[in-house]
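Reader: Hello! I am new to this structure and would love a close look at a single part of it. Could you pick one strand and walk me through its surroundings?

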2 protein chains.
Amino acid sequence: MTKQFDVLGIGNAIVDVLSKVEDQFLLTNEIPKGSMQIIDEKTAQHLYSTMGAGIEISGGSAANTAVGVAQLGGQAAFFGKIKTDQLGEVFRHDITASNVTFPTQDATTGPETARSFILVTPDGERTMNTFLGACVEFGPQDIDVDTVKASKVTYMEGFLWDPEQAKKAFVKAAQIAREANRDVSLSLSDSFCVDRHRESFLELVKRDIDILFANEDEIKSLYQVDTFDDALQAVRQDCKIAALTRSSAGSVIVSPNEIHIVEAETIDKVVDTTGAGDLFAAGFLAAYTKNKDLVSCARLGSMAAAEVISHIGARPQANLLEMAQVKGLL
Amino acid sequence: MTKQFDVLGIGNAIVDVLSKVEDQFLLTNEIPKGSMQIIDEKTAQHLYSTMGAGIEISGGSAANTAVGVAQLGGQAAFFGKIKTDQLGEVFRHDITASNVTFPTQDATTGPETARSFILVTPDGERTMNTFLGACVEFGPQDIDVDTVKASKVTYMEGFLWDPEQAKKAFVKAAQIAREANRDVSLSLSDSFCVDRHRESFLELVKRDIDILFANEDEIKSLYQVDTFDDALQAVRQDCKIAALTRSSAGSVIVSPNEIHIVEAETIDKVVDTTGAGDLFAAGFLAAYTKNKDLVSCARLGSMAAAEVISHIGARPQANLLEMAQVKGLL
């Protein structure tokens with residue numbers, strides 16, 4: 001029998017390069033604070049040559065979520081494309097060492113493993129500049145049918161809509177999952193990403209998505225409404241579950257028949273918000289796939305998000321499972 | 001006129017791969033806690049495949065010192081060998097972005113850029129496992145004579161004694177510096193390193209070294225004595241200045257005519273001791289090359305060391321110059 005998974009994450013396989021900058025650096029380079037922008041190789045080289053020293057650490061939105069699920073004791077898998085190079089080796093090592101099954105074959109030709117220059121301002125906010133690199137080689141051929149069928153939830157990041165073939169891979173995986181009566185989950189990823197792909201995201205949400213993750217800006221952008229409440233009413237009609245995060249204001253979980261408002265965890269100091277949404281999704285899905293109620297799912301999401309924003313890097317550094325058990329959440 | 005430097009660091013050019021481990025992992029792999037051991041490629045692969053996810057961050061003892069000097073407002077240069085590969089690019093970017101002049105040419109063939117697997121136990125202690133990689137290509141041909149002559153202090157790490165050609169490079173640089181009436185400084189690096197090279201270190205200390213940096217274990221190992229005081233009396237006769245560090249017990253600075261006992265800075269929590277000695281040397285030399293008295297040198301060393309052990313990674317994350325100015329040390 002094929003190994004069974006709680007969560008399969010599909011996303012861009014990225015090594016993050018984190019560097020502290022002053023707000024002025026973003027202004028000078030005309031980079032919208034808090035966003036994720038796609039940059040080409042030339043821009044990547046220019047940005048790298050002007051930014052300060054960095055820290056390399058495996059990232060990628062859905063990859064971070066898969067790692068979080070595994071660290072919470074869930075069975076997790078990930079699909080994404082790296083190249084056979086040193087940063088690719090780093091990515092593969094880290095995700096594998098975190099107990100995530102990672103069957104996707106490396107690209108041996110073409111662009112280098114993707115990296116995202118993540119500029120962290122003194123307030124802990126992160127602004128991402130992503131060179132997609134080998135991610136453009138990811139396509140439908142990388143969707144391992146058996147793994148999708150064997151996963152309770154197939155979770156995909158909206159950023160997959162940026163590389164053309166990855167979008168096709170997403171649609172293929174969603175179809176397989178639906179036909180196998182599995183849940184399909186999407187994170188909207190970023191409000192600029194929603195702007196780039198609004199029509200197809202809306203179609204997807206209405207047709208294929210069981211569990212939607214979005215923050216306030218993203219969900220308002222999706223429905224092009226001015227208030228959070230308007231977005232809430234709209235999304236209730238479209239998804240089985242929508243988990244809407246509002247930073248320190250906590251999260252709102254809606255389904256056609258339920259609505260829950262759950263507090264955020266308080267933390268001493270926000271060091272780096274990278275991965276907050278990814279780890280919220282990890283906690284939520286780790287509880288969901290253990291058949292916990294929606295409030296417990298949101299509370300576990302908040303706990304995991306709080307841990308990841310208290311340090312540099314988008315992957316957990318503490319023992320999440322133990323923390324969850326102490327809180328009685330798992 | 002050639003650019004003038006306060007400190008030229010010469011050392012192994014290394015990318016650190018930091019990972020948290022439990023003490024049991026060191027026991028299982030028979031790795032002496034707190035040491036730096038040299039590992040071959042096969043051992044490196046084995047260790048990497050069994051250790052957890054990591055964080056990549058530029059390191060190298062003398063390189064960390066050069067970066068610290070630059071961040072304290074000094075003019076700094078570094079010699080060390082990377083390969084033209086992705087981790088080499090990371091190393092070059094980071095040291096250059098930190099305002100350190102780095103003239104050494106990349107190796108284009110041979111082993112990959114060096115890395116050190118740094119295992120950080122829950123007490124913040126680091127245990128280093130270094131694959132020297134491209135560092136074995138560093139040799140006398142890489143000693144740029146003009147830069148040595150233009151540097152007030154040529155600072156070298158004891159780890160250079162491990163790759164054979166680097167040792168020759170060290171001796172060449174020391175000779176050039178002495179002939180130019182410049183100071184030559186050595187860090188003993190590690191007590192196991194002292195064990196490996198005791199005789200030649202002793203000879204070097206007596207003949208060539210103006211400023212010696214060592215921690216308690218290293219200086220006791222060098223003179224093969226049981227007490228710190230015995231080591232102290234011995235080194236007084238051999239060097240113009242010896243700066244001896246004793247972790248939380250502070251430092252002792254000795255010269256033939258002076259002795260000073262300087263408190264360590266207190267910090268809230270030791271997160272990762274990697275780079276403590278390197279940054280002590282950076283602070284000390286940054287003050288020394290500004291003609292500060294020995295106590296001020298030690299105090300600036302303590303300040304820089306305290307900053308670097310309060311976070312992950314061996315290079316400063318705070319604004320050291322501003323901190324030093326607030327304390328009236330620069």
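Author: Gladly! One term first: two residues are in contact if their C-beta atoms, placed from the backbone, lie within 7 Å. By that rule, 21 residues of chain B are in contact with 21 residues of chain A. Please keep in mind that this is a predicted model.

The part to look at closely is strand β10 of chain B, residues 183-187. Is β10(B) mostly covered or mostly open? β10(B) is mostly covered, with five of its five residues buried. For that word, a residue is buried if 20 or more other C-beta atoms lie within 10 Å of its own. Try following the side chains along the strand: B:D183, B:S185 and B:S187 point one way, while B:V184 and B:L186 point the other way. Residues on both sides of β10(B) are buried.

Now for the neighbours. Strand β9 of chain B, residues 151-157, runs parallel to β10(B), and five bridges join the two. To find this pairing on the screen, look for B:Y155, which stands opposite B:S185 of β10(B). Another neighbour is strand β11 of chain B, residues 211-215, which pairs with β10(B) in the parallel sense over three bridges. Here B:S185 turns up again, with B:I211 in β11(B) as its bridge partner. B:S185 is thus a handy landmark, facing B:Y155 in one pairing and B:I211 in the other.

How does the chain get from strand to strand? Helix α6 of chain B, residues 164-179, belongs with β9(B) and β10(B) to a right-handed β-α-β unit. From β10(B) the chain then crosses through helix α7, residues 191-207, to β11(B), and this crossover is right-handed too.

Stepping outward past β9(B), you meet strand β1 of chain B, which pairs with β9(B) in the parallel sense over five bridges. In that pairing, B:V7 has B:V153 as its bridge partner. β1(B) covers residues 5-10 and is mostly covered, with six of its six residues buried. β1(B) also pairs with strand β5 of chain B, residues 76-79, in the parallel sense over four bridges, and there B:L8 is partnered by B:A77.

Chain A offers a wider view. Its open sheet has nine strands in the order β6-β5-β1-β9-β10-β11-β12-β13-β14, with mixed pairing. The edge strands, each pairing on one side only, are β6 (100-101) and β14 (259-262) of chain A. Within that sheet, β1(A) and β9(A) run parallel and are joined by five bridges, and A:L8 stands opposite A:T154. Helix α6 of chain A packs on the sheet, touching β1, β9 and β10 of chain A, and its direction makes about 160° with that of β9(A).

Finally, back to where the chains touch. Strand β4 (55-58) and helix α4 (86-97) of chain B each supply at least two residues of the side that touches chain A. α4(B) gives the largest share, six residues. That side of chain B divides into eight nonpolar, eight polar and five charged residues. The β4 strands of chains A and B pair with each other in the antiparallel sense over three bridges, with A:I55 opposite B:I57.

Definitions and conventions
Residues are numbered from 1 along each chain as its sequence is written. Chains are lettered from A and ligands numbered from 1 in the order in which they are written. This is a predicted model: local features need pLDDT of at least 70, side-chain atom pairs count only at pLDDT 80 or more; totals for chains, interfaces and linings use all residues. Ala, Val, Leu, Ile, Met, Phe, Trp, Tyr, Cys and Pro count as nonpolar, Asp, Glu, Lys and Arg as charged, and the others, Gly among them, as polar. Two strands pair if DSSP finds at least two bridges between them. A residue is buried if 20 or more other C-beta atoms lie within 10 Å of its own, exposed if 12 or fewer, and partly exposed in between; C-beta atoms are placed from the backbone. A crossover is right-handed if, with the strands pointing away from the viewer, the path from the first strand over the helix to the second runs clockwise. Axes are lines fitted to C-alpha atoms, for helices over the stretch in contact, and angles run from 0 to 180 degrees between N-to-C directions.
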